[in-house]
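This report describes the places where small molecules and empty space are found in one protein, and it explains each term when that term comes up. Please keep the sequence and the structure in view while reading.

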Amino acid sequence: MGKARIVRPDFGGAFPAHIAVIMDGNGRWAERRGMQRILGHREGIASVREITTECARMGVESLTLYAFSAENWKRPTLEVRTLMQLLRLFLVKERATLMENDVRLSAIGRLEELPKAALAELRRTEEQTRANQGMRLRLALSYGSRSEVADALKKVIEDARAGRLDAADVDEETLRRYLYDPATPDPDLVIRTAGEMRLSNFLLWQASYSELYVSSVCWPEFRKAELHEALRAYASRKRKFGGLDQDGRDADARARRSRRGA
Ligand code: IPE
Ligand code: IPE
Ligand code: MG
């Protein structure tokens, strides 16, 4: 795949390297139109396509989309089954768009809980897009932050028992290495659509210092213009990471380096 040309509007400030989105409000979007909830999920796929393409075009490095939570299994069987069918269709149908945009797809969550057919298409799409050099698209599927931490803890205990890990060496970076996808940096911006002001078990550890943006627009209507609005809001934020200025994080890294005598 050739390198795609990056076209980024000027948002008047910093631009996020990693955007994470809680794609909420599909059901409400449909219900308000007297339609079945599942039609909202179907329409939501058009937003996934538009937001993914636009993020890739603007040079976002990573985009994480919360598509199905660990708690969403509690929904009626028919809705869950249809969501899984839509996921499978998405993975097959969007391969061409992902290739066109040089996007590499991966997933986080308890993927072994997905239906076999959906998991097989996920693996195929990951495989086909593996060499793409542009944006990384991560789907959070059967994902819950608490299960991620529980899964991490299990592996920590295994490694400690096997003598590969010493309690004295455990710090934040150690814990990060046991999370689902340690290589992807924390999200800079977490967007939630449809107005709810909660994280719903999404990236609790990783979003510690993310900027939060809530849009009142339901996911099926969240498109390029709404994304740009979120990016303008992000550009105007002042991130401090507990320090006194925008460089709080850099200052912290500098301080750690100098403590280590580097
Ligand atoms: C988000 O839309 C999609 C999933 C959680 C799978 P919802 O289905 O939660 O829509 P609302 O919140 O009921 O409107
Ligand atoms: C969060 O939305 C999960 C996804 C968007 C996949 P929910 O609709 O499941 O969250 P709650 O139940 O309103 O907190
Ligand atoms: Mg919802």
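A polar contact is a pair of N or O atoms within 3.5 Å; within protein, one must be able to donate a hydrogen and the other to accept it, and residues adjacent in sequence count only if both atoms are side-chain atoms. The model is predicted, local features need pLDDT of at least 70, side-chain atom pairs count only at pLDDT 80 or more, and totals for chains, interfaces and linings use all residues. Residues are numbered from 1 along each chain as its sequence is written, chains are lettered from A and ligands numbered from 1 in the order in which they are written, and side-chain values use heavy atoms, with hydrogens and water left out.

**Ligand 2**

In ligand 2, an oxygen atom lies 2.9 Å from a polar side-chain atom of Asn72. Asp24 has a polar side-chain atom 3.2 Å from an oxygen atom of ligand 2, and for Arg198 the corresponding distance, again from a polar side-chain atom to an oxygen atom of ligand 2, is 2.8 Å. Taken alone, ligand 2 exposes 390 Å², of which the protein buries 79%; accessible areas come from the Shrake-Rupley method with a 1.4 Å probe, and for residues only the protein chains shown count as cover.

A residue counts as near a molecule or strand if one of its heavy atoms lies within 4 Å of it. The residues around ligand 2 include Ile22, Met23, Tyr66, Phe68, Arg75 and Ser200. Strand β2, residues 62-69, gives the most to this shell around ligand 2, with 4 residues; helices (H or I, at least four residues) and strands (E, at least two) are DSSP runs, numbered from the N terminus.

**Ligand 1**

Around ligand 1, the residues include Gly25, Asn26, Gly27, Arg37, His41 and Leu83. An oxygen atom of ligand 1 is 2.7 Å from an N or O atom in the side chain of Arg75, while backbone atoms take part elsewhere: a backbone N or O atom of Gly27 lies 2.9 Å from an oxygen atom of ligand 1, and a polar backbone atom of Gly25 is 3.4 Å from an oxygen atom of ligand 1. On its own ligand 1 has 380 Å² of accessible area, and the protein covers 87% of it. The largest share of the shell around ligand 1, 3 residues, comes from α1.

**The pocket and the cavities**

On a 1 Å grid over the protein atoms alone, a cavity is a set of points where a 1.4 Å probe fits but cannot get out, and a pocket is an open set with protein on both sides within 12 Å along at least five of seven lines; lining residues have an atom within 4 Å of a point. A molecule sits in a cavity or pocket if more than half of its atoms lie within 2 Å of its grid points. By this rule, ligand 1 sits in the second largest pocket, and ligand 2 sits in the second largest pocket too.

The second largest pocket has a volume of about 650 Å³, where grid points are joined across faces, edges and corners and a volume is the space filled by probe spheres set on the points. Of the 29 residues that line the second largest pocket, Met23, Asn26, Tyr66, Ala67 and Phe68 are the closest to its centre.

How many cavities of 30 Å³ or more does a search of the whole structure find? The search finds 2. About 80 Å³ of space lies in the largest cavity, and among its 13 lining residues Arg176, Asp181, Pro182, Thr184 and Gln206 lie nearest its centre. The second largest cavity holds about 40 Å³ of space, and its lining includes Val48, Thr52, Phe90 and Leu98. In that lining of the second largest cavity, the largest share, 4 residues, comes from α2.

The table sorts residues by class: Ala, Val, Leu, Ile, Met, Phe, Trp, Tyr, Cys and Pro count as nonpolar, Asp, Glu, Lys and Arg as charged, and the others, Gly among them, as polar.

| Site | Nonpolar | Polar | Charged |
|---|---|---|---|
| Shell around ligand 1 | 3 residues | 5 residues | 4 residues |
| Shell around ligand 2 | 5 residues | 3 residues | 4 residues |
| Lining of the second largest pocket | 15 residues | 8 residues | 6 residues |
| Lining of the largest cavity | 5 residues | 3 residues | 5 residues |
| Lining of the second largest cavity | 3 residues | 3 residues | 2 residues |
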